Amino acid sequence: MKNIVILISGGGSNMRAIVEYVAQFGWQEAGLARIAAVVSNEPNAAGLAFAAEKNIPTRILNHREFTSRESFDAALQNVVDEFSPDLVVLAGFMRILTSKFVVHYEGRMLNIHPSILPNFKGLHTHQAALEAGVKVHGATVHFVTSELDNGAYVMQSCVPVCSDDTAQTLAARVLRTEHVIYPQVLDWWVHDQLVWQNGQVVVKNGAQQVLMNYEI
Ligand code: GRF
């Protein structure tokens, strides 16, 4: 049984999509994997209530109670390791992590970023996409390395940018695809189709690593 620990900071819609996918395909019943815990740095993260409702252990670690990034990350590592994770899933986790933390989970930590990387790293990606005038935008699931929003890409989605889009409407269109590609990547991982080797990603069996969503 593989253990997945999910880290959130807010609404947790990606976490919800993953939890629902795991339940739908009976991973826990099949002895494949379980969501071992949901951890949030924000005490009021809406996603916590959903996880608790599903009887998933939850933990809160408020970063404001720590004097440095290093001490927060060390405490976070202790909390996460309590659940013996085979995979750490950053799902809307809005903290920059120290190299020490990242190296500890090298090859077993994924993130989702709301842009087609390497475009629009950092925050406010949807506004940046609108200002740049790009015609397609999307999201990327990638392994986490010490460099922000970098690391081997596993899957990307793309959606059209419409002339009347606001950052909000565009974000909502991208988010719908995030809820498809993140569970898909975990599906590959749980079935040993996703291989991370020295910073390179291989998805076995010729799986399609792009989701093109033309629905507006
Ligand atoms: C998502 O767009 C995610 O990619 C970004 O934060 C947004 C909120 O995600 N990092 P969620 O609803 O909390 O999963």
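By class, the shell around the ligand consists of three nonpolar, five polar and one charged residues, where Ala, Val, Leu, Ile, Met, Phe, Trp, Tyr, Cys and Pro count as nonpolar, Asp, Glu, Lys and Arg as charged, and the others, Gly among them, as polar. The model is a predicted one, in which local features need pLDDT of at least 70 and side-chain atom pairs count only at pLDDT 80 or more, whereas totals for chains, interfaces and linings use all residues. Residues are numbered from 1 along each chain as its sequence is written, and side-chain values use heavy atoms, with hydrogens and water left out.

The residues around the ligand, each with a heavy atom within 4 Å of it, are G11, G12, S13, N14, G92, I112, P114, L175 and E178. Two helices, α1 (13–24) and α6 (167–190), each supply at least two residues of this shell; helices (H or I, at least four residues) and strands (E, at least two) are DSSP runs, numbered from the N terminus. Oxygen atoms of the ligand are approached by a polar backbone atom of G12 at 2.9 Å, by a polar side-chain atom of S13 at 2.6 Å, and by a backbone N or O atom of N14 at 2.8 Å. On its own the ligand has 370 Å² of accessible area, of which the protein covers 80%, as computed by the Shrake-Rupley method with a 1.4 Å probe.

The ligand sits in the largest pocket, in the sense that more than half of its atoms lie within 2 Å of the grid points of that pocket. A pocket is here an open set of points on a 1 Å grid over the protein atoms alone, where a 1.4 Å probe fits, with protein on both sides within 12 Å along at least five of seven lines, and lining residues have an atom within 4 Å of a point. About 900 Å³ of space lies in the largest pocket, the volume being the space filled by probe spheres set on the points. Of its 35 lining residues, F93, M94, H113, P114 and L123 are the closest to its centre. The lining comprises 14 nonpolar, 16 polar and five charged residues, and α1, β5 (109–113), α5 (125–132) and α6 each contribute at least two of its residues.

The second largest pocket holds about 210 Å³ of space, and its lining includes V19, V22, A23, R34 and I35. Both α1 and β2 (33–40) give two or more residues to this lining, with α1 giving the most, three residues. The lining divides into six nonpolar, two polar and three charged residues.

Conventions: Polar contact = N/O pair within 3.5 Å; in protein donor to acceptor, adjacent residues only side chain to side chain.
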